[in-house]
Amino acid sequence: MSAITLADFLAKQNTETQLARLLVEVAESCKIIADTVQRGPFLGVMGQAGNTNVQGEEQKKLDIITNDILIEHMQDTGLLAGMASEEMDHHYAIPADKDKGDFLLVFDPLDGSSNVDVNIAVGTIVSVLAAPKKDSIADEDFLQKGSEQLAAVYCTYGASTILLFTTGQGSHEFVLEKDSNEFMLMVENIQLPADTKEFAINASNQRHWQAPVKNYIADCIAGEEGPLHKNYNMRWVASMVAELYRVMCRGGIFMYPRDHKDLSKVGKLRLLYEANPMGFIIEQSGGVASTGYKRIMDIQPEGLHQRVGVIMGSKNEVATALSYHQNFNEDGSTK
Ligand code: P6P
């Protein structure tokens, strides 16, 4: 494959000019984040920030720093009307003295950040939405279905810095080339394997799972002698971006399903800046992204930080997992 940069690839795909510029600027932000995360131990930015975010989760210093990197870089592009983030209670309006644009960004600046102190891959997840207006943006303007996303991007900071994106014309993979500091095309139009023998779930939650998930995972563990007639392997990295990059490369099913652990939450992962953008990229590579009961990207959001159950990955394996849910209601009760 000929070496082609992200900007050249977007031009080759005839991506709308302003959207192409926006994606290039998101990638520039990811370069800055990658450098900051990788130099973290020397910058004194590891560890807890000493406060909690709107989710009630301990914030890492790097959660806040990476959020600031995105805000400060992207607000100067003149392409945005506003931004929202896992790390901010409400949206961020572009300051009055700056040019505004036709897009909204909603992001998780450092997904999996609980791993950053132990050198496990973390990442940035970004969803691009159309701004209904340039001024007086409100939280409600971000409450758009995943199916309305204009683009989705995620970047994982591991052995390599790898960026995947979609604008609805397939999902594509770029790797940051150190010498040029350019994201270079590695895989165009990724095709996610339809079948897998690898499931990813936090098995310590087993006692909290709804019956369909308990039954499906039990049958996976039953192996060849069980009803699914194959021996599975399990992975759990506790970093969605790292798990789903593995799934994009070799197939798999990633699950953080709705459970009974905290009935006030219908899942752990967030709809707007985790499930929707990752679901868009998965679907565009031939995979399936479901709550177990409905397509994730069909959900009408009701809040910036709304949570959702997530089952996504190889289409045939997700179909098998969903078959266990058919006789159950979304709260896990039997129909
Ligand atoms: P647990 C990271 O905090 C995250 O949002 C996802 O990236 C990851 O898949 C999940 O939570 C891990 O959750 O309960 O295993 O720590």
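Domain bounds here come from an automatic or database domain assignment. On that basis, the protein chain of this predicted model splits into domain 1, residues 6-187, and domain 2, residues 198-323. Their C-alpha centres sit 23 Å apart. Where the two domains meet, domain 1 puts 48 residues into the contact and domain 2 puts in 32.

The largest pocket is a good place to start looking around. Its space comes to about 470 Å³. The lining is made of 25 residues, and those closest to the pocket's centre are E57, G112, S114, A238 and K268. Both domains take part: domain 1 (6-187) and domain 2 (198-323) each provide at least three of the lining residues. As for chemistry, eleven of the lining residues are charged, while seven are nonpolar and another seven are polar. Several strands reach the lining, with at least two residues coming from each of β2 (58-60), β5 (103-111), β13 (253-256) and β14 (269-270). The top contributor is β5, which gives three residues.

Next come the nonpolar cores. In soluble globular proteins, nonpolar side chains tend to be buried together. In this model the largest such core holds 43 residues, and L22, L105, V128 and F165 have the most contacts inside it. Helix α2, covering residues 17-38, supplies the largest share of this core, at ten residues. A second core lies apart from it and has 31 residues, including V247, M248, L271 and I296. For a closer view of the 43-residue core, V128 makes a handy vantage point. Setting aside neighbours within four places in sequence, V128 is in contact with L19, L22 and L23, with F103, L104 and L105, and with Q149, L150 and A151. Two of these partners, L22 and L105, are themselves listed among the residues with the most contacts in the core.

Helix α7, residues 271-284, is mostly covered, with twelve of its 14 residues buried. The buried run takes in L271, L272, Y273, E274, A275, N276, P277, M278, G279, F280, I281 and I282. One of these, L271, also belongs to the core of 31 residues. What follows the helix is worth a look too. S285 sits in the loop between α7 and β15 (288-290). S285 counts as buried because its relative accessible area is 0%, and the cut-off for buried is under 20%. Not counting residues up to four places away in sequence, S285 touches S171, I190, Q191, L192 and M248. Of those partners, M248 is another member of the 31-residue core. Also just after α7, G286 takes a positive phi of about 95°.

Two residues other than glycine also show positive phi values. For S136, phi is near 55°, and the residue is found in the loop between β6 (122-130) and β7 (151-157). S136 is exposed, since its relative accessible area is 63% and exposed means over 50%. N189 likewise has a phi near 55°. The loop that holds N189 runs between β10 (182-187) and β11 (198-200). With a relative accessible area of 38%, N189 is partly exposed.

Another loop to visit is the one between β13 and β14, where D262 has its place. D262 is partly exposed, with a relative accessible area of 29%. Its C-alpha atom is separated by 8.9 Å from that of H208, although D262 and H208 are 54 residues apart along the chain.

Finally, there is the matter of enclosed space. The structure holds one cavity of 30 Å³ or more, and the space in the largest cavity is about 30 Å³. Its lining consists of I201, N202, N205, W209, M255, Y256, P257 and D259. Five of these residues are nonpolar, two are polar and one is charged. The pocket lining, by contrast, has eleven charged residues alongside its seven nonpolar and seven polar ones.

Terms used
Residues are numbered from 1 along each chain as its sequence is written. This is a predicted model: local features need pLDDT of at least 70, side-chain atom pairs count only at pLDDT 80 or more; totals for chains, interfaces and linings use all residues. Side-chain values use heavy atoms; hydrogens and water are left out. On a 1 Å grid over the protein atoms alone, a cavity is a set of points where a 1.4 Å probe fits but cannot get out, and a pocket is an open set with protein on both sides within 12 Å along at least five of seven lines; lining residues have an atom within 4 Å of a point. Grid points are joined across faces, edges and corners, and a volume is the space filled by probe spheres set on the points. Helices (H or I, at least four residues) and strands (E, at least two) are DSSP runs, numbered from the N terminus. Ala, Val, Leu, Ile, Met, Phe, Trp, Tyr, Cys and Pro count as nonpolar, Asp, Glu, Lys and Arg as charged, and the others, Gly among them, as polar. A nonpolar core is a set of buried Ala, Val, Leu, Ile, Met, Phe, Trp, Tyr and Cys residues joined through side-chain atoms within 4.5 Å. Buried means under 20% relative accessible area, exposed over 50%, partly exposed in between (1.4 Å probe, protein chains only). Contact means heavy atoms within 4.5 Å.
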